[in-house]
Structures are given as structure tokens and as C-alpha cells.
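Student: I would like to learn how to read a model of this kind, one feature at a time. Where should we begin?

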Amino acid sequence: MKTSKKIGLGLLTLGLAVSLVACGGGKKADDTATGGDKGKGADYSAALVTDVGGVDDKSFNQSAWEGLQEWGKENDKKKGTGGYNYYQSNSDSEFTPNLNSAIDDGFNTVFGIGFKLQPAIEEIADANKDTQFVIIDDVIKGKDNVESVIFKDNEASYLAGIAAAKASKTKHVGFVGGQEGEVIGRFEAGFVDGVKSVDKDIKIDVKYAGSFGDAAKGKSIAAAMYKSGADVIFHASGDTGNGVFSEAIDVMKTKPENPVWVIGVDRDQHDEGEYDGGNVTLTSTLKGVGTVVKTIATDAQDGKYNGGKTEVFGLKDGGVDLTKGQLDEVNPDIQKAVDEAKDKIIAGDIKVPEKPSKK
Amino acid sequence: MVGTLAIIVSSALVYSAPLIFTALGGTFSERSGIVNVGLEGIMTIGAFSATVFNLFTVNIFGALTPWIAMLFGGVIGILFSLIHAVATVNLRADHIVSGTVINLMAPGLTVFLTKMIFDGHGQTDLIKARFGKTSFPILKDIPVLGEIFFKDTSAPAYVAVLVAILAYYVIFKTKFGLRLRSVGEHPQAADTLGINVYGMKYAGVMISGFLGGMGGAVAVQSISGQFSISTIAGQGFISMAAMIFGKWNPLTVMAAAIFFGLSQSLAVIGSQIDFLKNLPSVYLQAAPYVLTVLVLVLFIGKSQGPKANGQTYIKSK
């Protein structure tokens with residue numbers, strides 16, 4: 001009895017701790033006051049609500065925030081109400097409160113960064129018809145004040161698949177996903193298809209961690225994959241991927257003669273792969289969240305908000321891409337194959353599937 | 001097959017090492033009668049300070065950095081646990097409330113300090129020197145066993161096992177341990193026999209701070225490689241569970257922590273074991289929790305903690 005009480009209280013504490021930290025982040029929104037200069041579109045303001053994680057997560061949120069900051073600087077906006085700002089979500093339960101704060105602070109356009117915000121925006125949009133919402137990575141249909149943005153991650157992952165297949169010496173590669181679902185499914189489908197396009201006999205391990213923040217699990221999954229013979233792992237798993245990098249570095253330090261690689265996701269993860277004997281990041285897929293946020297904010301300021309529509313960004317318009325990374329050092333042919341495939345995808349000669357085939 | 005076993009064991013050890021340290025810390029504290037729900041917060045502080053120490057001194061200590069950073073994390077853990085000790089022993093605060101304060105304070109404080117030290121970033125830079133994998137000389141050449149237990153494995157886990165054995169010896173075979181336990185069972189009786197009750201309670205809490213801080217330091221330096229709010233997310237509470245599961249006895253506490261690690265790594269690696277391959281993955285993912293429930297129900301009887309655990313001792317009464 002006493003022990004169960006103790007654990008219960010412990011969990012409660014954990015919850016409180018997380019939400020308290022969250023409040024700290026949220027309050028930041030108010031400390032810089034309004035910028036009141038007039039001019040064309042001067043009254044227009046935009047804010048974003050992050051997915052779980054901060055605006056310096058070295059990934060998705062950071063990229064979006066950088067895009068919004070760039071937009072703000074170009075348009076002489078100040079950080080804070082009436083200009084541009086961010087609301088940090090530290091847990092799923094903070095999406096709705098953060099969206100509400102953004103609306104209350106009078107922002108014209110509110111970006112929801114990440115598919116996890118989809119239900120919250122869908123619920124809130126009808127009650128706030130004057131606010132323009134943008135949801136990244138998911139689709140909300142039939143609402144005039146919600147614009148949906150989707151990335152063709154499957155196209156960039158296809159290129160990653162080609163790179164992995166060409167770089168693998170053991171003819172065995174791996175994929176580590178965060179949570180199973182539509183978005184990460186696109187990564188998996190593209191990657192698998194890319195690998196198969198090079199060589200149908202390459203073995204592909206696909207494994208989901210069930211979380212975007214469990215580095216320990218990422219590490220054990222990667223350990224299992226590398227040990228069973230895979231030598232390139234593509235991770236689409238947020239912070240869980242830290243564990244994948246950590247394992248790859250450990251493997252390289254113990255057995256440098258059999259090189260293993262990691263392919264990063266969403267932004268250039270070269271730094272994550274660095275260690276004192278080299279770097280395990282083969283390449284990274286890129287997702288231009290920042291560019292898209294900037295473009296949409298600029299358009300909306302000029303009165304060109306595409307409410308109710310779904311916009312798709314792919315290789316063609318630079319919405320996604322693959323970095324050069326260390327491809328050339330491994331084998332100069334890889335970049336060539338990647339570029340060829342890229343041209344074909346842009347030309348429409350290759351159609352990359354969006355959903356993983358059923359096993 | 002040996003290869004698969006080797007991955008299961010080494011993954012389990014990587015996962016369990018921080019839990020063993022922290023759970024042993026909790027054992028010391030509770031043996032002295034102070035409930036320490038603040039283990040999670042202490043781990044967070046330990047992880048943060050070890051990361052910062054590692055980042056700033058890696059040029060001086062080289063490959064030894066993670067170990068020294070681990071001790072440093074422990075020392076900061078002691079300082080932090082003193083808050084809990086002062087509040088519960090001298091100020092007679094409720095143990096749970098004080099522990100909760102520790103847990104609330106640590107994430108806020110560390111994230112704030114991270115932002116101050118690392119130019120407003122939400123996480124630290126990546127550390128250069130990690131624990132990595134260790135092979136034990138000679139032992140690794142034992143056929144089969146060497147491959148499974150001593151090759152490319154987690155060194156901190158073995159240190160944790162040694163600490164557990166040492167902790168068992170200290171708690172059950174030394175004068176200090178006898179006094180510590182007596183204070184946790186019946187402080188009045190201990191006091192009448194001339195034992196410094198407050199001193200023993202301080203010692204218990206401070207040891208838990210040291211071990212908890214080291215646990216956090218091990219977690220960050222062997223798993224994530226950088227400190228952020230998600231580095232310590234629940235390990236402190238799992239350690240408490242391991243402590244209760246292990247009935248406040250260092251050796252069984254250690255076994256409980258390893259059991260948690262083992263079931264976790266089985267869930268991850270199960271799909272590569274031949275005879276488990278055809279099992280739907282949902283069973284493997286549920287396995288850690290089912291196993292825990294089964295073991296608790298079938299093999300563990302009543303878990304009885306120290307008798308005066310959680311009660312404030314007032315000397316004059």
C-alpha cells in the first residue's frame with residue numbers, strides 16, 4: 001500500500017516537473033513587448049507552436065523557428081506579440097493551451113509544427129475563424145482557415161536508400177523509425193524502395209522504437225542491427241536517433257576495420273556523427289520546414305493565404321533533399337547514382353511509394 | 001545463437017547500469033529511514049553536471065574523462081541530496097513532499113543552466129569521450145561465456161555490480177551498516193544506545209545522492225551523449241521500483257535492475273532470435289510489463305521495507 005502510494009506520487013511528480021518546465025518556456029513569449037511600427041502589412045504577425053521539444057532541438061522545430069525568424073528580420077518584425085514568436089510544447093497536453101495562447105495574443109497566422117498537432121488544430125480551428133492556421137506534416141480537410149503542408153519525405157528517403165545500398169558492404173541495411181504512422185511510413189516506404197532499386201537481394205531490417213525520445217531503446221535496436229550484420233542504418237526517429245549515433249560511434253571505436261554508418265534525418269546531422277576518430281554520418285535527408293514556413297508567412301502577409309488547401313513540397317521545389325555528407329569519400333559512384341535518381345524523380349520517371357508495402 | 005545472447009546481455013547491461021547505481025542509492029537512503037522519491041531529480045542533476053564536466057575537461061583527462069565525470073556527477077549529487085537531508089532530518093518536512101520538490105527543481109534548474117552555459121540552447125553539445133564498449137582482457141577469451149559477458153560490453157555495469165556487492169557488505173556486515181539499519185527500523189532504540197541518529201540519516205541520504213548522481217552520469221555518458229530534458233525521463237522512478245522489487249537488499253536490488261534491463265532488451269532483440277521470430281511483435285513489446293507482473297505475483301512475497309521508513313524522528317520525544 002505504502003509502496004504503491006510512493007510510486008504513484010513519483011509519477012505525479014514527473015508529470016508536474018515536466019509541466020513546470022513547460023510553463024517556463026511558455027512564459028518567454030511575453031517578455032519582449034510589441035513592435036508598433038506601421039507600414040505595409042505591419043499589423044500582420046505570425047507565431048508557431050512546436051511539437052514536443054524546443055526550438056533548438058537541432059531538428060524540425062529549430063528549422064521552423066529559423067524560418068520564422070528569417071521572415072521576421074526581413075520584414076522588420078520584432079519578437080513578441082504583434083511580430084513573431086514561438087510557443088514551446090513540452091508534452092502532448094500542451095498543444096491546445098499553446099494554440100490558445102497564440103490566438104489570445106492576436107497572431108494572424110499560427111503554425112502547428114508536426115503531425116501531432118493535427119487533432120488540436122482541427123478542434124480549435126472552427127472556434128477561431130479569424131486566425132489562419134497552418135499544419136505541417138498532416139492534412140486537415142474542409143476548413144477554410146487551415147492550410148496543410150506535406151513533404152514528400154519518401155522522395156528524399158528513396159535517395160537515402162540508394163546511398164545506403166551503394167555504401168553497404170554487407171548487403172544488409174537497417175531502418176529505425178520513431179512512432180509508426182503515416183509520416184514515418186513515408187520514410188520507410190521511400191527508403192525500402194530506394195534500396196531495392198539498387199539491389200533486390202539486400203536485406204533490410206525495419207524496426208520502430210515506439211517513441212521519438214527514447215535514446216536507450218534506439219541504442220539497443222542499433223546494437224542488434226549492427227551485430228546481425230547491417231552496416232548502414234537510416235533513422236527517422238528524432239531524439240531516439242541519438243542512441244543510434246551513440247551505438248555507431250561505439251562500434252567504430254571498438255572495430256574500426258568494419259565501418260558502419262548512420263543516415264541522419266530532417267537536417268544535416270554531421271555533428272551528431274562526429275567522434276575523435278572520424279564521423280559515422282554517411283549523409284542526411286533534408287526537410288525544408290524553415291523555407292516553407294518563411295514562404296507561407298510572406299505569402300499570408302501579402303494576403304495570399306491558401307486556406308483549405310494542401311500544399312505538397314518535394315525534391316522538385318527543394319522541399320526535401322539529401323546532403324552530400326561523406327558519400328564521395330565512401331565511393332564516388334554514390335553521388336552520381338543519387339543525382340540520376342533525383343533527376344528521374346523530378347521528371348516523374350520514378351514514382352516513389354508513400355506507404356510501406358504490407359509485410 | 002551466442003552472438004544473439006551477447007547482444008541481449010550487453011544491451012541489458014547498458015540499460016541497467018544507471019538503474020543499479022540509483023537503486024542502490026535509494027536503498028541506502030531508505031535503510032536509514034528517509035524515503036527518497038527525489039532520485040529522479042538527483043539523476044538529472046548528476047547527468048547534467050557530468051555532461052558539463054565531460055565537455056570542459058575532455059582535453060585534460062582524455063579517455064578517463066567519463067569516469068572522472070561520473071565521480072563529479074556523484075559529488076554534485078551529494079550536494080543536491082543535502083537539500084533533501086536538511087529538509088527531512090532537521091526541518092522535519094514530509095519526505096515525499098521534499099523529494100517531490102527535488103524532482104521539480106532538477107529539470108528546471110538544469111535546463112535553465114544549459115541555456116545559460118550553451119548560448120540559449122535547449123541541450124548541451126555532444127560529449128567527445130563516452131564509455132563506449134569495453135572488452136576485459138583474459139576474461140574475454142573464455143569460450144562462450146567470454147563472448148557473451150566480457151566482450152564489447154558496458155564497463156559501468158560491471159562497476160555497478162561491484163558497487164552492489166560492496167553495498168551488501170557495508171549494509172549487512174559492517175558496524176556502519178548495522179547502525180544505518182537500526183536507525184531505519186527503530187530510531188528511538190538506536191538513539192538510546194548512543195547512535196547519532198541524525199548523522200546516520202544524513203549519511204544514508206548523502207550516499208543516495210552520490211550513487212544517484214553517478215547513475216545519471218552513467219546514463220548520459222553511455223546512452224544519449226548529450227544532456228537534454230529527455231535524458232532522464234523516468235529512470236529514477238524505475239530505480240525506485242527496482243529497489244522495492246529487490247526488497248531493500250543490494251544484491252536483489254541489483255538483480256531487479258538487471259531484470260528490467262533484460263526484459264527491455266529482449267523486447268528489442270527478440271525478433272532476431274530464431275524461435276521467437278514468428279511471434280507477432282506486439283507480444284514482445286508487451287513482454288517486459290507482463291514479465292514484471294508475473295515475477296511480482298509468483299515469486300516475490302510481501303515486500304517489507306524498513307519499519308520506520310518515512311517517519312520523521314524527533315530526538316526530544
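Tutor: Begin with a single residue: Asp76(A) has a relative accessible area of 59% and is therefore exposed, the cut-off being over 50%. Keep in mind that this is a predicted model.

Student: Where in chain A is Asp76(A) found?

Tutor: Asp76(A) sits in the loop between helix 2 and strand 2 of chain A. That places Asp76(A) just after helix 2.

Student: What is the phi of Asp76(A)?

Tutor: The general idea comes first. Most residues other than glycine have a negative phi. In this case, the phi of Asp76(A) is near 55°, a positive value in a residue other than glycine. Lys171(A) can be read in the same manner: its phi is positive, about 55°, although Lys171(A) is not a glycine. Lys171(A) belongs to the loop between helix 5 (153–167) and strand 6 (172–177) of chain A. With a relative accessibility of 39%, Lys171(A) counts as partly exposed.

Student: Let us go back to the helix before Asp76(A). Why does the end-to-end distance of helix 2 of chain A agree with its 15 residues?

Tutor: Helix 2 covers residues 60–74, and at 1.5 Å a residue it should span 21 Å; the end C-alpha atoms are 22 Å apart, so the two values agree.

Student: Which residues of helix 2 of chain A are buried, and what covers them?

Tutor: The buried residues include Phe60(A), Trp65(A), Leu68(A) and Trp71(A). Among the elements covering the buried residues of helix 2 are strand 1 (46–52), strand 2 (84–89), strand 12 (281–287) and helix 9 (289–301) of chain A. For the chain as a whole, buried residues make up 56% of the 359 residues in chain A. Chain A has 11 helices and 14 strands. Of its contacts with a separation of 6 or more, 69% are between residues 24 or more positions apart.

Student: How should I read salt bridges, and how many are there over all chains?

Tutor: Side chains of opposite charge can pair when their charged atoms come close. Here the count over all chains is 17 salt bridges. One of them joins Lys294(A) and Glu70(A), at 3.1 Å from N to O. This pair links distant parts of the chain, with Lys294(A) in helix 9 and Glu70(A) in helix 2, 224 residues apart. Glu70(A) is partly exposed, with a relative accessible area of 43%.

Student: Are Asp250(A) and Lys219(A) buried or exposed?

Tutor: Asp250(A) and Lys219(A) are both buried. They form a salt bridge whose closest N and O atoms are 2.5 Å apart. Asp250(A) lies in helix 8 and Lys219(A) in helix 7 of chain A, so the pair ties together parts 31 residues apart in sequence. Elsewhere, a network of salt bridges links Asp137(A), Asp153(A), Arg186(A) and Lys287(A).

Student: How many salt bridges cross the interface of chain A and chain B?

Tutor: The rule finds 2 salt bridges there. Lys133(B) pairs with Glu247(A), the closest N and O atoms being 2.7 Å apart. Lys255(A) pairs with Asp152(B), at 3.3 Å from N to O. Lys255(A) is in the loop between helix 8 and strand 9 (261–264) of chain A, and Asp152(B) is in the loop between helix 5 (145–150) and helix 6 (155–173) of chain B, so this pair joins two chains. Lys255(A) is partly exposed at 33% relative accessible area, whereas Asp152(B) counts as buried at 11%.

Student: How is the size of an interface described?

Tutor: The size of an interface is often given as the accessible area lost when the parts come together. Between chain A and chain B the buried area is about 3,800 Å², with carbon and sulfur atoms giving 60%. In terms of contacts, 45 residues of chain A meet 48 residues of chain B. There are also 7 residue pairs in polar contact between the chains, both residues at pLDDT 80 or more.

Student: Which element of chain A gives the most to the side that touches chain B?

Tutor: Helix 1 gives the most, with 13 residues. By class, that side of chain A has 16 nonpolar, 10 polar and 19 charged residues.

Key:
Residues numbered from 1 in each chain as written. Chains lettered and ligands numbered in written order. Predicted model: local features only at pLDDT ≥ 70, side-chain atom pairs only at ≥ 80, totals over all residues. Heavy atoms only, no water. Contact = heavy atoms within 4.5 Å. Buried area = accessible area lost by both parts, 1.4 Å probe. Salt bridge = Lys/Arg side-chain N within 4 Å of Asp/Glu carboxyl O. Polar contact = N/O pair within 3.5 Å; in protein donor to acceptor, adjacent residues only side chain to side chain. Helix = DSSP H or I, 4+ residues; strand = E, 2+ residues; numbered from the N terminus. Nonpolar A, V, L, I, M, F, W, Y, C, P; charged D, E, K, R; others polar. Expected span 1.5 Å × (residues − 1). Buried < 20%, exposed > 50% of the residue type's maximum accessible area, 1.4 Å probe, protein only.
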